[in-house]
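Here are a few exercises to work through with the model open in your viewer. Try each one yourself before you read the solution.

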Amino acid sequence: SKFVVGLTGGIGSGKTTVANLFAEQGIDLVDADIVAREVVEIGSEGLNKLSEHFGTRILKLDSSLNRSALREIIFNNPTHRDWVNKLLHPLIRIEMLKQLDSAVSAYTILIAPLLFENDLDRLVNRTLMVDISTQEQVKRTSTRDSVSQEQVHRIIESQAPRAKKLQRADDVIDNHGEISALKSKVIALHNNYIKLSNNA
Ligand code: ATP
């Protein structure tokens, strides 16, 4: 299966919820956030190179990556940040392509919160955005996680603007309604993706 749909949307928009509905239809999922964690697992090339470069200060006692230590090092240091990006981005890309390649369903969903921001849309055949208002994003995210509304606003501001994503996405799934209303929208999209993947 080589037809890939990139699934995106802002924080708390409902990407996971929508992805699970596609999975119910038998569609394989690849999650860019999970891949990004896998490439720095204990024993990985990514983590080995990070610790060779920055030393044990970026490791926890159990020798896993200390994310907050790494974040602090690259924060406000473009040289360090560029070095880390040049190391990890290709590793993430290769692992993502590997997982997409081993998927067996008619088409595959790549879940990527920063699909457009990180130019991952170049790896996919079609893009799908889950859309809700900023107000609803803040409400749902702060209900789900114990984070402040200010924190959610900061994350939203670090992501591409909603209007930009709406403009770039091939398909948009409106998630203002009840979760139950999503299922029929997903099935309609699914049928179209089956058709598109057959013609690809
Ligand atoms: P993130 O980017 O933070 O990973 P996400 O885009 O994957 O978030 P979800 O986790 O699917 O979003 O949804 C965010 C929260 O909103 C969850 O608690 C989910 O159960 C809830 N939710 C999703 N869709 C709806 C809906 N239509 N109505 C009410 N709550 C919803």
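Two strands pair if DSSP finds at least two bridges between them; the strands (E, at least two residues) and helices (H or I, at least four) are DSSP runs, numbered from the N terminus. Bear in mind that this is a predicted model, so local features need pLDDT of at least 70 and side-chain atom pairs count only at pLDDT 80 or more, while totals for chains, interfaces and linings use all residues. Residues are numbered from 1 along each chain as its sequence is written.

**Exercise 1. Work out how S3 sits among its partner strands.**

Step 1: start with S2 (residues 28-31), which runs parallel to S3 and is joined to it by four bridges. Leu-29 stands opposite Ile-109 in S3.

Step 2: turn to S1, which is parallel to S3 and joined to it by four bridges. Here Gly-6 is the residue opposite Leu-110 in S3.

Step 3: check the faces. A residue is buried if 20 or more other C-beta atoms (placed from the backbone) lie within 10 Å of its own, exposed if 12 or fewer, and partly exposed in between. Thr-108 and Leu-110 on one side of S3, and Ile-109 and Ile-111 on the other, are all buried, so both faces are covered.

**Exercise 2. Find out which residues touch the most other members of the largest nonpolar core, and where its residues come from.**

Step 1: define the set. A nonpolar core is a set of buried Ala, Val, Leu, Ile, Met, Phe, Trp, Tyr and Cys residues joined through C-beta atoms within 7 Å.

Step 2: of the 35 residues in this core, Val-5, Leu-7, Val-18, Ile-109 and Leu-110 touch the most other members. Elements giving two or more residues include S1 (4-8), H5 (78-101) and H9 (179-199). The largest share, four residues, comes from H1.

Step 3: zoom in on Val-5. Contact means C-beta atoms, placed from the backbone, within 7 Å. Leaving out residues up to four places away in sequence, Val-5 touches Tyr-107, Ile-109, Val-124, Asn-125, Arg-126, Leu-128 and Tyr-193.

**Exercise 3. Locate two non-glycine residues with positive phi and decide whether they are buried or exposed.**

Step 1: recall that most residues other than glycine have a negative phi.

Step 2: Asn-76, with phi of about 65°, lies in the loop between H4 (67-74) and H5. Asn-76 counts as exposed because it has 8 C-beta neighbours inside 10 Å.

Step 3: Asp-119, at about 60°, is in the loop between S3 and S4. With 10 other C-beta atoms within 10 Å, Asp-119 is exposed too.

Note on methods: Two residues are in contact if their C-beta atoms, placed from the backbone, lie within 7 Å.
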